[in-house]
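Colleague: Take a close look at the helix packing, please. Then go on to the individual residues worth checking by eye.

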Amino acid sequence: MDLLFIDPYNWSTIEPLYLDLEKCDLEVTTVEEWLQRWSKIEMVLHEASAQAYRMTTEDITNSEALKNYRHLMNEITPRAKSAAYVLKQRLLSIHDLQMNVNMQELLRRFRCEIQLFHEENINLQSIINITAQEYMTLTGSMTIIHNGLVITIPEAESLLEDGDRHVREKVWRFVTHRRMEDKQNIDSLFLKLFHLRRALASNKDLPDYRAYRWMEMNRLDYNPDDCFQLHNSIELEIVPLWLKMIQKRKNQLGLSILRPWDMRAYPQNLSPLRPFTSVDRLQECIGYIFTELDPELSGLFKYICNGPLDLMARPGKAPGAYCYFLPISRHPYIFMNAVGTNQDIMTFLHETGHAFHALLSYHNHSLCWFTIDLPIEFAEVASQGLELLILPYLTSQHGGFYNEEEINQATFDELEGLIKSILWSTISDIFQHWLYVEASDNIEIDEINTKWAELINRFMPGIDWTGLEEVQRSDWHVVSHLFLIPFYMIEYAIAGVGALQLWEKAQHDLPATLEDYRTALSLGSSKSLPDLYAAAGIRLAFDQLTIGKLARLITQHLQLE
């Protein structure tokens, strides 16, 4: 198949390829070659979609990029999904294929996708994707004026690390005021998405959107009850750990109460970590570290840095960070909004973990479904795990950024950040179970705000929101996943538990841990979640016993008692 003849923006160049696959003879002996041909089509379309999305995030004012993205979402993706549905049916009709061990995970996912398919929902999903993109436009355009300069929200948030509490409060209030200016627009946008998503489930006669989304995300190895068990385990074991971290922060800052603008602050005797001022410095130091840490990962990192990256914050750029794999270009693409903080290092490592995952699976599998559709619950182990594995190597003696005092602070920040991520994702997950299962169809924003505040106070106590209650109630606006990727949040908690198991294992045998890490990543999505975790030498866990053990490990490591 000559990919040069495919124009991903022109369906007339794509449709004949699908039709040819639909009509040709298909049996066990020809399946592999048939799948290779189909995979190449999907790779072209995936890369076109990724590149189009990339252009909309690099410059939210680029109307041509937005037009191209919408064309793909409205005109190409729906037709490609319909064509792929027919091919999935053909593949599953081959009875003898069910005995192929290497195909079981792919076939299991295809069965789920066929069961969920509904022609009307294809167009509805395109509308949802385009509507959700408005969130990026709204939030990406936000700036504030500080000391006479217009700065982006990521630049402003870096000032929340300042040792001067008056500076922190001033900046925090500027940022929240700017966000509240768009409150009505964001509220209206979310309610629109809420109703569209519930319509997807209704069209399939499913009981609720959670049931729809569970199938759409191929959550085949755990169910909502497992999530509820995880919520309970986290409340019992991680919330007490959070309170110990809160107390340590109070002691460091010499404060009796913590306000929202104190949660990223550094003690007055320690300057905020500003480890780099340029992309070159960031990549150079991380490169030195990987050279010492692991030769194979070092080679992959050099390859990533020679590809497309957009790392530094600037006006007009969408918020957040992500990694896309471009299967035709054979390169990962990393997008983020760095301003020179320690958190930026960890974000870069996080997205690099995703890039490693894509590359290692791509080198091991030729079919796109094993490489570009990675299970999120393990993909986040690849990213969060890398953050923890590399943490001790961030010192200058390994070519990194920090002296001994600074690495101690960076370690506390990383572990506190991981605990906050686990709690934040738990809150967001409970919030969405309630929103899409229990809430009424005519729900109002006030009910949504009340539920969010209730969960924040339950899972992240210890912060004084007095006089700021309306800001707290609307703080769910900053969770982009609620708008862009619904129900994609508990993965951070599940994977956080996995990443901490990797960290525990690495303290006893780092080389073996890295070897298992690479092996598990190379499996892509060819195995079930429990098997992927097992390949990494860890366990897919929701239970209190496992999580309590990890909480105690952090308590001891940070000397919180």
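Modeller: First, a yardstick: buried means under 20% relative accessible area, exposed over 50%, and partly exposed in between (1.4 Å probe, protein chains only). This is a predicted model, so local features need pLDDT of at least 70, side-chain atom pairs count only at pLDDT 80 or more, and totals for chains, interfaces and linings use all residues. Residues are numbered from 1 along each chain as its sequence is written, and side-chain values use heavy atoms, without hydrogens or water.

Start with helix H11, residues 279–293. (Helices are DSSP runs of H or I, at least four residues; strands are runs of E, at least two; both are numbered from the N terminus.) One partner is helix H13, residues 342–364. The axes of H11 and H13 come within 12 Å. They cross at roughly 60°. (Axes are lines fitted to C-alpha atoms, for helices over the stretch in contact; angles run from 0 to 180 degrees between N-to-C directions.)

Look at the side chains there. H11 brings Leu282, Gln283, Ile286 and Phe290 to the contact with H13. From H13 come Ile345, Phe348, Leu349, Thr352 and Phe356. (Contact means heavy atoms within 4.5 Å.)

H11 has another partner, helix H14, residues 376–390. Here the axes come within 12 Å and cross at roughly 80°. Ile289, Phe290 and Leu293 are the H11 residues that meet H14. They meet Leu386, Leu389 and Ile390. Phe290 is worth a pause. It meets H13, and it also appears in the contact with H14.

Now turn to H19, residues 490–506. This helix has 17 residues. From its first C-alpha to its last, H19 reaches 24 Å. Most of it is covered: 15 of the 17 residues are buried.

H19 packs with helix H10, residues 224–253. The angle between H10 and H19 is about 65°, and their axes are 11 Å apart. On the H10 side, the contact is made by Cys227, Leu230, His231 and Ile234. On the H19 side, it is made by Ile490, Ala493 and Ile494.

The loop before H10 deserves a check too. Asn218 sits in the loop between helix H9 (209–216) and H10. Its phi is positive, about 55°, although Asn218 is not a glycine. Most residues other than glycine have a negative phi. Asn218 is buried, with a relative accessible area of 18%.

Set Asn147 beside it. Asn147 also has a positive phi of about 55° and is not a glycine. Its setting is the loop between strand S1 (143–146) and strand S2 (149–152). Asn147 is exposed, at a relative accessible area of 63%. Buried or exposed, then, is what to compare when you view the pair: Asn218 is buried, whereas Asn147 is exposed.

Next comes helix H7, residues 165–181. Arg168 lies in H7. Which way does its accessibility fall, buried or exposed? Arg168 is buried, with a relative accessible area of 2%. Set aside its neighbours within four places in sequence. Arg168 then contacts Leu159, Leu160, Asp162 and Gly163, as well as Trp261, Asp262 and Ala265.

Glu169 is in H7 as well. Its relative accessibility is 25%, and Glu169 counts as partly exposed. Along the chain, Glu169 and Arg259 are 90 residues apart. In space, their C-alpha atoms are separated by 8.7 Å.

Two further pairs link separate stretches of sequence. Asn62 is in the loop between helix H2 (31–58) and helix H3 (63–92). Asn62 is partly exposed, with a relative accessible area of 26%. Gly316 is 254 residues away from Asn62 along the chain. Their C-alpha atoms are 9.3 Å apart.

The other pair involves Lys302, in helix H12, residues 295–305. Lys302 is exposed, with a relative accessible area of 52%. Glu284 is 18 residues from Lys302 in sequence. The spacing between the two is 9.8 Å, C-alpha to C-alpha.

Terms used:
The expected span of a helix is 1.5 Å times one less than its number of residues.
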